[in-house]
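Biologist: I'm new to this one, and I'd like a close look at a single part of it. Could you pick one helix, take me around it, and then show me a few other spots?

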Amino acid sequence: MDLIPAPLSSVRLQDQDFPLDRSTTLTAPPALAGAERWLRTALTTATGLPLGPGRPGEGIELVHDGSLAGEAYRIAVRPGHAVVTAGGPAGALWGAQTLRRLLGPDAYRRAPLRDTGWVLPGVDIEDAPRFGWRGALLDVARHFLPKSDVLRFIDQLSAHKLNVLHLHLTDDQGWRVEIKRYPKLTELASWRERSMVGYRSAQRRDDRPHGGFYTQDDLREIVAYAAERAITVVPEIDLPGHSQAAIRAYPELGNTDVVDTAALGVWTDWGVSHNVLNPSEGTVRFFEGVLEEVLELFPSEFVHLGGDECPKEQWKDSAAAQERIRELGLSNEDELQSWVIRHFDRWLAERGRRLIGWDEILEGGLAPGAAVSSWRGYGGGIAAAQAGHDVVMCPEQHVYLDHRQAPGAEEPIPVGFVRTLEDVYRFEPVPAQLDEVAARRVIGTQANLWSEFMDSARDIDYRAFPRLAAFSEVAWSALPTDPAERDYAGFERRMESHRAVLDALGVEYRPAAGPHPWQRRPGVAGRPIEGPPPVV
C-alpha cells in the first residue's frame, strides 16, 4: 500500500481482500451524500461497475461518526464489505480518495481498461491531517489558465488531500475576474499586448497578445467543483501594489498627478511595476465595490488581499498622496500602505470574513482576526505567530514550486532557488523557535506556483509534480518535525508506484532522471548556471 500522503496507520491483512463485481453496491447516509456521489462517479468511470445503492453492512459503505474530527476517517476492508467511517463530509471524501488509491492506478482513468480484476486489499487504516490549511497557490494573472485546466488542477489537489486552492486573480500583468459594476476590468485589463520570454531576457518579447478572464458563473462553477472535492477556493485581489492592469482599465485609480495613467497599458514585464493605486477615498470605494462582488462569488472564510511589494516612489512624488497622509494623521508612505490594509481588514471583518495577506502586511499592525502568508522566509510567520496571528507557512526558499528542481542548466527556464524533491519532503512548516502556544498559530502550509514562466497546464504539471506529492505528505502526514529524521528513502519507494497514478491522471511530471530531451533548454549540456539564482 504505497499511499501518498501516508496515513497515520495502516495494516495489511492477509486473506481479507474484497473483489468487486457488478453486484457490488455503494451506500452512505444523507450527511455523506456528496462523498458518495463523487466516489460512485470516479469508480464507475474507471471500472465500468454500476455500484448501485445497497444496504448497510454490505458492499462499499460510508458511515458518519461524529466522535471523529471532521477530516478524519477510518477504513476497514473485509471480504464483501469495505467501510469508510468519517467524522464529516471532508473526512468521507478523503477516505473515498484513499479507497480509490487502494484499487490501483487504473482507478484514476476516465474509461475502463478491463472488466474484472478490481480488488480492494484487506486493510485497516486510520487517518487524519496534521494541518487544517493544506494549500497550493495557482497564479492565473501572469498567465491565464483556462477554466478546464483549473478544474483539472483541482482534481490533482484533491487526489493528494490538499484542501485549499489560493487563486491569484489580479496583478500588473492581467485582471482575471469579472466585476459587473466595473466592466472595463475585463474589457481592457484582462489582455496584454505581449509577454517576456524566457529567463534573464529583458529585451525578448513574444509579440503575441495574451489574456482571458473568468466570468462570474465560471468562478461559481470552480468554487462548487472544488467544494465537491473538499477544497476551499481562496481568492486573491492584490492591492495597493501589483495593480497596473486595474489602472489600465480605470486610469483614475492611479497617481494621476505624477504619471499619465491614461497612457498605461497592461504591463508586459515580469517583476513589480511602480504604478500603484492612489490612496484616495474614491479608490477605496472602488475596491470595496470589487470585493462586494468577490464575496458573493467566494464563500471562503479568508480573502487574500496581497499587500506585498508596493513601491512608494509615486506616493512620495504625489501631492495628493502626501495630502492624504496628512489628512489621516500618518507619518510616512509605509504607514499609508498599512492604513489601506487595515481599512480592508476591518471592512472584511464587518462582513464576517478574515483578511489574509503576504507577510509585508505585518508592518503597521493588524486586526486580531487577520492572518499572514509567510513568503519571505520563516521570519514573518514567526513574528505573526508570536503576535497572536494565524499563519500559513509558504517560504519561497522551500515551497515556491515554479523554482527549478535541479541545478543543471538543462532545466526549462531554470529560475529561482534549486529545490529538489527531497528538499520539499524535508520542509518543516513549524519553526523550532516557536513555543507551544505560538506553534498552534501555524494553521497550515502552502506551495506556490507563480506563472511568469508557465504559460500552459503542461508547464504547471512539470513544475508542480512530483514535488507537490512530497508537499502533500508534509502538509497531511504526521512526519517527524526534525527533517533529518524523515524517511525519504521510504517516500522515494512509494513515489515509484505513485508515478503510475500521475500517469493515469495524465500529469506530465518531471521524470526522476531529469527533463525529457524535448523539455531541455536548447543549446545546453547540463552546465551549471553562473551567478546567484534570481528571485522572481
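Modeller: Here is a walk around helix α9, followed by some side chains elsewhere in the chain. A word on the model to begin with: it is predicted, so local features need pLDDT of at least 70 and side-chain atom pairs count only at pLDDT 80 or more, while totals for chains, interfaces and linings use all residues. Residues are numbered from 1 along each chain as its sequence is written, and side-chain values use heavy atoms, with hydrogens and water left out.

Helix α9 covers residues 319–327; helices here are DSSP runs of H or I with at least four residues, strands are runs of E with at least two, and both are numbered from the N terminus. Its buried residues are Ala321, Arg324 and Ile325, where buried means under 20% relative accessible area, exposed means over 50%, and partly exposed is in between (1.4 Å probe, protein chains only). Those three cover an arc of only 100 degrees around the axis, so they sit on the same side of α9; the arc is taken from the directions that run from the helix axis to the C-beta atoms. What do they pack against? Their partners are α7 (281–297), α8 (313–317) and α10 (333–350), with contact meaning heavy atoms within 4.5 Å. Turn to the face pointing away from the buried side and you meet the exposed residues Ala319, Ala320, Arg326 and Glu327.

Now for the two ends. At the start of α9, Ser318 has a side-chain oxygen that comes to within 3.3 Å of the backbone nitrogen of Ala320. That is a polar contact: N or O atoms within 3.5 Å, where within protein one must be able to donate a hydrogen and the other to accept it, and residues adjacent in sequence count only if both atoms are side-chain atoms. Just after α9, Gly329 has a positive phi of about 70 degrees.

Moving on to the rings, there are 15 aromatic pairs in the structure. Rings of Phe, Tyr and Trp (its six-membered ring) pair if their centres lie within 6.5 Å, and planes under 30 degrees apart are stacked, over 60 edge-to-face, and the rest tilted. Trp375 and Tyr400 have ring centres 6.4 Å apart and planes at 15 degrees, so they count as stacked. Trp375 is in the loop between β18 (371–374) and α11 (379–386), and Tyr400 is in the loop between α12 (396–399) and α13 (421–425), so this pair ties together parts 25 residues apart in sequence. Trp375 is buried at 9% relative accessible area, and Tyr400 is buried at 3%. Elsewhere, ring pairs join Trp175, Tyr182, Tyr250, Phe286 and Phe287 into a cluster.

One last stop is Glu473, in helix α16 (residues 467–476). Is it buried or exposed? Glu473 is buried, with a relative accessible area of 0%. Its side chain reaches the backbone nitrogen of Ala6 at 3.1 Å. Leaving aside residues up to four places away in sequence, Glu473 touches Leu3, Ile4, Pro5, Ala6, Tyr425, Leu479, Phe491 and Arg494.
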